[in-house]
Amino acid sequence: MSGPGSFKNQTMSKTGNRAAILECISTAGKIARVDIAKVTGINPATVTAMTSDLLEEGIVEALPDEEKQNTKRGRPQVKLCLNSKAFILAGAKISEDAITVAIIDFAGNQISEYVREGNSFSISKEQLAENLKEAISAAIANTDFYLSDISALGVGVPGYVDIASECVHWSPAISDTPTNFVKTLRSVFDFPVMLDNDVNLATLAEQRFGLGKGVSDFLVVTIEHGVGMGIVLNNNLFRGTRGLGGEFGHTKVQLNGALCRCGQRGCLEAYVADYALLREADTAFKFKTSHDLPTGQRLAALYQEAKSGNQAALSIFERAGRMLGMGLANLVNIFDPSLIIFSGERMQYDFLYEKDVLEELRKNTLDIDRPPPEVRVHKWGDLLWAKGAAAWATEYVIHQVVAKTNAC
Ligand SMILES: [Zn+2]
């Protein structure tokens, strides 16, 4: 059976030693040369030579290694990190009612954030690009920099995105799909733009800034308007061959089950996503919240009903939790990850990760004499998704640095 390494050619490509070294430094934050050699498998002499060039070019900088300051002989011990001043990157998450922007420096430090309220789903790609430009301009206006200082922009949209062909096959955010949305964005911005599925970028954010830091194999599960999943194998984000990897929400948990918004039946999302819970509530009992209210508010009201003892409301959440537990068990049986991270804003609904759900997971996974994967919950808002998008822009710049050097 093939291991995770065999997926490597289908993941974000690692073009050459220089890119591998920069990505290693970026992922670690701060790291000694000797450890770069260990992590990347690159010859220590090559690491020394290449990092000297990178230091000279101002791409990385050396910091004293606080843990090894007592060395009496030889060169002082240092750790390398990306030079924060080298580039300015932007990232944006497009959601149903807002566009959230993060501006970061090359070392990943946040410089500015901005939330442009009043976005709506299913608008034209041109309108969405204009909204995005407004949001990025407002975010950079809070800083000492100009729009022209931005080196690259990463954008996360919900839906099916193939990054190789730059095609958005379908997205609730854009009315005219399939489309090359990157082309539209390039006509609006003067710097390079990268587009990806928003959950992949949330996963990058977990890897760079969150609970996935330093973990080589983990899954991120998000439950929002849909159910998404990000997959990190052997330190690489796995996207699938058509950009459709990780559609956890459309894995089947029931033969001929509930109707999903994808048109098929029995998908996990048809039991767990916000629209599914509200649909159940509408049919099961007189759930008196206006359909004009935002989905989040209606869901919060339903959750409150369940908490205050409404048995019908409670049973909706309980069933969703059991379905989720079963779905998670399928993931564990396929990937055997060391960590599963529940990530996103909806994590306040604790039915998603309470004891019964985890018990359902354990019941349905193969039993060996090792504990099941750790399940951790990370409640965060759109800002960190936007930071993940900016991290994606950072990866682009890292590869551009390499490309420029190779051209010399
Ligand atoms: Zn489906």
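Two strands pair if DSSP finds at least two bridges between them. The exercises below apply this to a predicted model, in which the protein has 12 helices and 14 strands.

**Exercise 1. Determine which residue of S13 is the bridge partner of Thr222, and describe the strands around S13.**

Step 1. Strand S10 covers residues 218–223 and pairs with S13 in the parallel sense over five bridges. This count satisfies the requirement of at least two bridges.

Step 2. Within S13, Ser343 is the bridge partner of Thr222.

Step 3. S13 also pairs with strand S14 (residues 374–379), in the parallel sense and over six bridges. Here Ser343 stands opposite His378 of S14, and Phe342 stands opposite Val377 of S14.

Step 4. These strands belong to an open sheet of five strands with the order S12-S11-S10-S13-S14 and mixed pairing. Its edge strands are strand S12 (236–238) and S14, each of which pairs on one side only. On average, neighbouring strands of this sheet are turned by 25° against each other, direction ignored.

**Exercise 2. Establish how many of the residues of strand S13 are buried, and what follows for the strand.**

Step 1. A residue counts as buried when its relative accessible area is under 20%.

Step 2. Six of the six residues of S13 (residues 339–344) are buried, so the strand is largely enclosed by the rest of the structure.

Step 3. Both faces of S13 are covered: one side carries Leu339, Ile341 and Ser343, the other Ile340, Phe342 and Gly344, and all are buried.

Step 4. Two helices lie across this sheet. H10 lies across S10, S11 and S13, running at about 160° to S10. H6 lies across S10, strand S11 (227–233), S12, S13 and S14, and runs at about 50° to S11.

**Exercise 3. Give the strand order of the sheet that contains S5 and S9, and identify its edges.**

Step 1. The sheet is open, is formed by five strands in the order S5-S4-S3-S6-S9, and has mixed pairing.

Step 2. Strand S5 (110–117) and strand S9 (193–197) each have a single partner strand, so one side of each is left without a neighbour in the sheet. Neighbouring strands are turned by 15° against each other on average, direction ignored.

Step 3. Inside the sheet, strand S3 (residues 88–94) and strand S4 (residues 98–105) pair in the antiparallel sense over seven bridges. In this pair, Ile88 stands opposite Asp105 in S4.

Step 4. Helix H4 (residues 125–141) packs on the sheet and touches S3, S4, S5 and strand S6 (150–157), with its direction at about 45° to that of S4. Helix H6 (residues 198–209) also packs on the sheet, touching S3, S6 and S9; its direction makes about 100° with that of S9.

**Exercise 4. Decide whether Asn200 is buried or exposed, and name its contacts.**

Step 1. Asn200 is located in helix H6.

Step 2. Its relative accessibility is 5%, so Asn200 counts as buried.

Step 3. Leaving out residues up to four places away in sequence, Asn200 touches Met229, Gly230, Leu237 and Arg239.

**Exercise 5. Describe how helices H9 and H10 are oriented to each other.**

Step 1. Two packed helices are described by the angle between their axes and the distance between the axes.

Step 2. Helix H9 (residues 295–307) and helix H10 (residues 311–335) pack at an angle of about 110°, and their axes are 7 Å apart.

Step 3. Angles of 65 to 115 degrees count as roughly perpendicular. H9 and H10 are therefore roughly perpendicular to each other.

Step 4. Leu302, Tyr303, Glu305 and Ala306 of H9 meet Ala313, Leu314 and Phe317 of H10.

**Exercise 6. Identify which residues coordinate the zinc ion, and classify the site.**

Step 1. The zinc ion is coordinated by His250 through ND1 and by Cys260, Cys262 and Cys267 through SG, at 2.1 to 2.4 Å. Along the chain, these donors follow the spacing H-x9-C-x1-C-x4-C.

Step 2. Four donors count as tetrahedral if all angles lie between 85 and 135 degrees. The angles among the four donor atoms of the zinc ion are 104 to 121°, and the site is tetrahedral. The ideal angle for four tetrahedral donors is 109.5 degrees.

Step 3. Cys260 counts as buried because its relative accessibility is 4%, whereas Cys262, at 35%, counts as partly exposed.

How values were computed:
Residues numbered from 1 in each chain as written. Predicted model: local features only at pLDDT ≥ 70, side-chain atom pairs only at ≥ 80, totals over all residues. Heavy atoms only, no water. Donors = N, O, S within 2.8 Å, 3.2 Å for Na, K, Ca; no water. Tetrahedral: all angles 85-135°; square planar, octahedral: opposite > 155°, others 65-115°. Buried < 20%, exposed > 50% of the residue type's maximum accessible area, 1.4 Å probe, protein only. Helix = DSSP H or I, 4+ residues; strand = E, 2+ residues; numbered from the N terminus. Axes fitted to C-alpha atoms, helices over the stretch in contact; angles between N-to-C directions. Contact = heavy atoms within 4.5 Å. Parallel < 35°, antiparallel > 145°, perpendicular 65-115°, else oblique.
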